[in-house]
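Let's take a look around the pockets of this one, and then at a strand in the middle of some pairing. Have the sequence and the model open side by side.

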Amino acid sequence: MDRVRFRTLLVAFTAVLSVANIYFFNYAAIQVLCHPVSHLRFNLYGDPQIEGDAKLVREPKMGRYDLLVNDYYLRHVYTSTIAAFQPQYVVTMGDIFSSQWVRKGEYYKRIERFNWISDRRKPQSKPTHTHKRHTHLFLAGNHDIGYGAETKPYHISRYVNNFGSINSEWMVGIDDNKVHGSVDGLHQFAILNAMNLDFTQNTRFRNETWSFVQSLATKRVKYSQVPLALFLHIPLSKPSGICILEPETIYKNGSIGYQDYLSPVTSAYLLHCLAPTLIFSGHDHHGCLSAYSVKQSMEQPVSLGDSGRLLQASEDLCSLRMEELDMYQQAIEEFAAATVTSFAGTEIPGHATGLAVEVTVRSTMGAYGGATGIFDISRNSRHDSQRHVQASGHDFAMHSEHGYTYRYREVQFGNHLIIRALLVVDMLSITVVPALFLLFSLYSI
C-alpha cells in the first residue's frame, strides 16, 4: 500500500512539474490569448543591465553560473514575448549593460551576448520595420553613456556605432503603418538622449541634444494634431510619493553626477513645447504609472530676471534657448509649478485637459519578474473632446479625443529565483524520477 501511495505521489509530482514547465515556457503565448488586437505594437524592455567580467572577479565560481542562467532567462523573456505578441517595434529602454566603464573587449563580448539574448540582427540606421521583422530601437541610459558628469566622446561613439542614433524622430500611419500625405492616422515618435538634457561636462553633447529637442518643438507646431509618444531613459520630474524612487539629484563640479528624474525645467519644456500624449521611460527598476495635466498659461506672469521679459504661457517658455533655460531656472520652476499637475497612476483623472501619461517601464531583470511592457495603438469608434483613462497597477487604457485607444500592459514571467528553483528540480527529476519508477517496476516483478 505504501508503494502504491509513493508511486501515486511520483505521478502527481511529475504532472505538477510538467504543468509548471508548460506554463512558464509558454507563458507569453498564453498571455497573448486574452490580449486585444492592435494596429501598431511596441514591446518595451526595461534596463536589462547585463553583467560580465566584474562579476566574475567578485564571484569566480557562482558568477559564471549566474551569467549563464541570467542570459538564458533574459533570452526566454525577449524571444518568447516577441514571438507571441509580434510587435512592429522592440525598444530596450536603456542600461543595456551594467556599467558604462567596461573596456572595449568586454564591451563587444556583451554586445554579442545581448544580440543572442534578444535575437537581434544587424543594427538598423532608420526606425522602420517590415511586416516580417520588427525594428529594435534603443535608449541611451546612465550605464550606457554615463550621467552628464561622466559622458565621454567614446561613450557616445561606441553607443551610436552599435545601437543607432542617440536622438531620433519618425512618423507612422496607424492604419497601414505607412506615412500618408495627410495627418489623419499619423502618430509621431521620438527618442531623446536624456543623459545630456540637464547639465553636462561636455557642452557639445548637450548642445546637440537641445538642438534636436528644439527642432522637434518647431516641428510639433506644424503637427500639433498628431499624437506624440516620447521615449527617454530618465523619467520626468515629479513630486515625492508618486513613484517608488524619491527625487534626488547629485552634482559633480556643476554637472549631473546622479539623478532619479529630469530637472523641473527640462520636464516643463518637454511637456509644454513637445506636448506628448504618451511618455515612456526606464531607470526606475520598480516601474511606475503617472500622468501630467498641462495648462497653457498661468494667471500672473513671472519675470525673467533683468531681461524685462515675462513668462506666462507655453509659447514664452518654448521661445527660450538652452542658455536662457539655465539662466532663468527659478522663474521657470515657478511657471512649471503653476501649470503642471502630476498624478499617480491610481489618481489619473478621467477627464483632464492637456493630459500626458507616463509609463516608467519595469526592469526586465529576473529580480523584477522579467517584465515586458506591451504598448498598443488601435482605432476606436469614440470621438470625444476629452481623453478617458482607466488605470490599474502599471497598466492603463486611454481613449483619446483623436479616435485612438492606447493600451499598456505589463507581462511578468516571475522572479528569477523561482525559475532557478524550477530548473534545478527539472534537472534532478530527469534522473531521479525515472530511476524511482524503474526501481518500483523491478521491485514489483
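What volume does the largest pocket have? It comes to about 640 Å³, keeping in mind that this is a predicted model. Its lining takes in 32 residues, and Ser224, His272, Leu274, Ala275 and Gln296 are the ones nearest the centre. Helices H8 (203–222), H9 (264–274) and H10 (314–318), along with strand E14 (355–360), each give two or more residues to that lining.

The second largest pocket holds about 290 Å³ of space. Here 17 residues make up the lining, with Pro48, Gln49, Glu51, Asn70 and Met365 nearest the centre. Two helices, H4 (62–85) and H13 (416–444), supply two or more residues each, and H4 gives the most, with 5 residues.

Here is how the two linings break down by class:

| Pocket | Nonpolar | Polar | Charged |
|---|---|---|---|
| Largest pocket | 16 residues | 12 residues | 4 residues |
| Second largest pocket | 7 residues | 5 residues | 5 residues |

Now for the strands. E14, already met in the lining of the largest pocket, runs parallel to E9, and 4 bridges join the pair. Within that pairing, Phe280 sits opposite Val359 of E14. E9 also pairs with strand E6 (residues 228–231), again in the parallel sense, over 3 bridges; there, Leu230 has Ile279 of E9 as its bridge partner.

Which way do the side chains of E9 (residues 278–281) point? Leu278 and Phe280 go one way, Ile279 and Ser281 go the other, and all of them are buried.

Terms used:
Residues numbered from 1 in each chain as written. Predicted model: local features only at pLDDT ≥ 70, side-chain atom pairs only at ≥ 80, totals over all residues. Heavy atoms only, no water. 1 Å grid on protein atoms, 1.4 Å probe; cavity = no way out; pocket = protein on both sides within 12 Å on 5 of 7 lines; lining within 4 Å. Points joined across faces, edges and corners; volume = space filled by probe spheres on them. Nonpolar A, V, L, I, M, F, W, Y, C, P; charged D, E, K, R; others polar. Buried < 20%, exposed > 50% of the residue type's maximum accessible area, 1.4 Å probe, protein only. Pairing = 2+ DSSP bridges.
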